Amino acid sequence: MKIKPMISAVIVLTTLLVSCNTKDKSEKSTEKTATARAEYIEVEPNVKLHVTDLGKGKPVILIHGYPLSDASWEYQYHALVKEGYRVIGITLRGFGQSDKPYGKYNYDQFAADIKAVLDQLDIKDATLGGHSMGGAIALHYVAKYKSAHVSKLALFSAAAPCHTKKADYPYPFFTKEDISKWVELNNTDRPALLAAIGEKFVYSPTSVSPGIGAWLGSIEMQSSPYAMEQALIALRDEDLRGDLPKIKIPTLILHAKEDKIVSFALAEQMHKAISGSQLVPFDKSGHASFLEEKDKFNAEFIKFLKQ
């Protein structure tokens, strides 16, 4: 007589256990989904940027140079995560694994894209660092958006405040005509353009290994030819001298004396113009100090982050 109630109780208990177990698995699955970080962030309809988002702690935002991608910061990611920072590399539109739409590729557009990413990630009190053209864009971002989301700026071999010589500004290496020839070469023999840039990119033929050189070349070839053309035109024509007095946050300038793409004289001019900035020279690298002298580069950058 008591067997049926006992069986019913066992069935109910088993059902409850299965239900709880399923619910627990579902919650864990949801939790995992909720904490996964986005690899692509939409900055406007039909335009997504690729980001590398690693580590925990105070945020560090890195903007690559021309014509690279967020992958180029591989040997900074490790060092920064190890030191307790959250590091976010953003690939500009038109480069790497980011979308490559037709449209504008000027500093205003790039800065707006960075702002959209930092808005969506709700970033606060970050350090924004940029290399070469990415340094110019980082500088422009801070000036244009009044340091939104960021409290420190780092300029790495930055192609700023302008990349071409002017009658009243003789410090850059290249004339407008020089860069125009690069634009033409991009549109007729893009590998030849990359080879020409590569020759000037490093301190010496042996300052990076053949493997690192091949790796950089593979990143560069991911870029859109159209984006490369338009970004070169921006490098040629943009003038950020008016942005320099607007930089009111602590600023680090890392620059090699033997840089053959962006002259050390430009770093000195920025150091003079940005109040309270720090200039750290590099003696054994060219335009790629973050690779050629990566131990010193990482140490100086982390020291600045901890200040």
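1. Tyr141 is buried in this predicted model, because its relative accessibility comes to 0%, against a cut-off of under 20% for that class. Its ring forms an aromatic pair with that of Tyr145, and the geometry is tilted, with 5.3 Å centre to centre and 45 degrees between the planes. Tyr145 itself counts as partly exposed, at 23% relative accessibility, so the pair joins a buried ring to a partly exposed one.

2. A second pair worth inspecting is that of Phe173 and Phe174, which is edge-to-face, with 6.3 Å between the centres and 75 degrees between the planes. Here Phe173 is partly exposed, its relative accessible area being 38%, whereas Phe174 is buried, with a relative accessible area of 8%. Across the whole structure, the search for aromatic pairs returns 16.

3. Some of the aromatic rings are joined into a cluster, in which ring pairs link Trp73, Phe156, Phe282, Phe290, Phe297 and Phe301. One of these residues, Phe282, also has a lysine placed over its face, namely Lys296, at 4.5 Å from the ring centre. A similar arrangement involves Lys152, which lies over the face of Phe304 at 4.9 Å from the ring centre.

4. The largest nonpolar core holds 96 residues, and the members that touch the most other members are Tyr66, Ile90 and Phe301. Helix H4, which spans residues 133–144, gives the most to this core, with 8 residues. Phe301 was named above as part of the ring cluster, and Ile90 can be followed through its contacts: leaving aside neighbours within four places in sequence, these include Leu49, Val51, Ile61, Leu62 and Ile63, as well as His50, His64 and Asp70. Ile114, Val117 and Leu118 are likewise in contact with Ile90.

5. Helix H9, covering residues 264–273, has Phe264, Leu266, Ala267, Gln269 and Met270 as buried residues. What covers them includes three strands, S6 (150–156), S7 (251–256) and S8 (278–282).

6. His163 sits in the loop between strand S6 and helix H5 (176–188), and it counts as buried because its relative accessibility is 5%. Leaving aside neighbours within four places in sequence, His163 is in contact with Pro172, Phe174, Ile179, Leu235, Ile261 and Val262. One of these contacts, Phe174, is the buried member of the edge-to-face pair described in the second point.

7. His163 also belongs to the lining of the largest cavity, together with Tyr66, Ser132, Ile179, Trp182, Ile197, Phe201, Leu232, Leu235, Ile261 and His287. The elements that give two or more residues to this lining are H5, H6 and helix H8 (225–237). The volume of the largest cavity is about 120 Å³, and the count of cavities of 30 Å³ or more comes to 2.

8. The largest pocket has a volume of about 160 Å³, and its lining consists of Leu194, Gly198, Phe201, Val202, Val208, Gly213, Leu216, Gly217 and Glu220. Two elements give two or more residues to this lining, helix H6 (190–201) and helix H7 (210–220), and H7 gives the most, with 4 residues. Phe201 appears both in the lining of this pocket and in that of the largest cavity.

How values were computed
Residues are numbered from 1 along each chain as its sequence is written. This is a predicted model: local features need pLDDT of at least 70, side-chain atom pairs count only at pLDDT 80 or more; totals for chains, interfaces and linings use all residues. Side-chain values use heavy atoms; hydrogens and water are left out. Buried means under 20% relative accessible area, exposed over 50%, partly exposed in between (1.4 Å probe, protein chains only). Contact means heavy atoms within 4.5 Å. Rings of Phe, Tyr and Trp (its six-membered ring) pair if their centres lie within 6.5 Å; planes under 30 degrees apart count as stacked, over 60 as edge-to-face and the rest as tilted. A charge sits over a ring if NZ of Lys or CZ of Arg is within 6 Å of the ring centre and within 35 degrees of the ring normal. A nonpolar core is a set of buried Ala, Val, Leu, Ile, Met, Phe, Trp, Tyr and Cys residues joined through side-chain atoms within 4.5 Å. On a 1 Å grid over the protein atoms alone, a cavity is a set of points where a 1.4 Å probe fits but cannot get out, and a pocket is an open set with protein on both sides within 12 Å along at least five of seven lines; lining residues have an atom within 4 Å of a point. Grid points are joined across faces, edges and corners, and a volume is the space filled by probe spheres set on the points.
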